[in-house]
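Here's a quick briefing to read alongside the model. Have a look at the fold first, then at what sits on the surface.

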Amino acid sequence: QVSVSSKVMRARALESIRHVRQLALRQDKVGLDLLTLALAGKKSLSQGGFDKVIKMCDEMVEVLKTEQQDDDHKKEYCLSQFDLADDKKKALEREVSQE
């Protein structure tokens with residue numbers, strides 16, 4: 001029963017990783033490919049390397065969280081820069097219309 005549940009767990013993990021890979025950005029696909037190889041490889045089946053895969057998944061999640069935070073900060077910065085540029089544009093348009 002333990003063997004069956006680990007096979008089911010591995011199959012579910014592979015399915016999830018393959019689904020996420022379709023949605024991932026190009027640079028993230030390399031890490032997901034490594035996870036897929038680790039899960040699908042014979043070495044992981046025979047040596048119980050599933051713990052390594054879980055660790056790799058956890059590390060990938062941390063990297064993705066960090067990248068998401070960076071993206072959020074960049075978005076905030078860009079929005080503020082757009083606002084500043086829009087304010088300058090409106091000020092210049094007012095100057096031109098007053099002349």
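Let's start with one residue: Asp70 sits in helix α4, which covers residues 50-98. Keep in mind that this is a predicted model. As for the protein overall, it has four helices and zero strands.

**Overall fold**
- Going along the sequence, you'll read the pattern α-α-α-α.
- Of the contacts between residues at least 6 apart in sequence, 41% link residues at least 24 apart.

**Burial and surface**
- The protein has 99 residues, and 15% of them are buried.
- About 8400 Å² of the protein is exposed, with 57% of that coming from carbon and sulfur atoms.

**The negative patch**
- Which residues form the negative surface patch? They're Asp70, Asp71, Asp72 and Glu76.
- Back to Asp70 in helix α4: its relative accessibility is 39%, so Asp70 counts as partly exposed. That label fits because partly exposed is the range between under 20% (buried) and over 50% (exposed).

**The nonpolar patch**
- Val30, Leu34 and Leu37 together make a nonpolar surface patch of about 310 Å².
- Where is Leu37? Look in helix α2, residues 26-40.
- Is Leu37 buried or exposed? Leu37 counts as exposed because its relative accessibility is 61%, and the cut-off for exposed is over 50%.

Definitions and conventions: Residues are numbered from 1 along each chain as its sequence is written. This is a predicted model: local features need pLDDT of at least 70, side-chain atom pairs count only at pLDDT 80 or more; totals for chains, interfaces and linings use all residues. Side-chain values use heavy atoms; hydrogens and water are left out. Patches are made of residues with over 30% relative accessible area and no salt bridge: like charges are joined within 9 Å, nonpolar side chains (Val, Leu, Ile, Met, Phe, Trp, Tyr) within 5 Å. Accessible areas come from the Shrake-Rupley method with a 1.4 Å probe; for residues, only the protein chains shown count as cover. A salt bridge is a side-chain nitrogen of Lys or Arg within 4 Å of a carboxyl oxygen of Asp or Glu. Lys and Arg count as positive and Asp and Glu as negative; His and the chain ends are not counted. The place of a charge is taken as NZ of Lys, CZ of Arg, CG of Asp or CD of Glu. Helices (H or I, at least four residues) and strands (E, at least two) are DSSP runs, numbered from the N terminus. Buried means under 20% relative accessible area, exposed over 50%, partly exposed in between (1.4 Å probe, protein chains only). Contact means heavy atoms within 4.5 Å.
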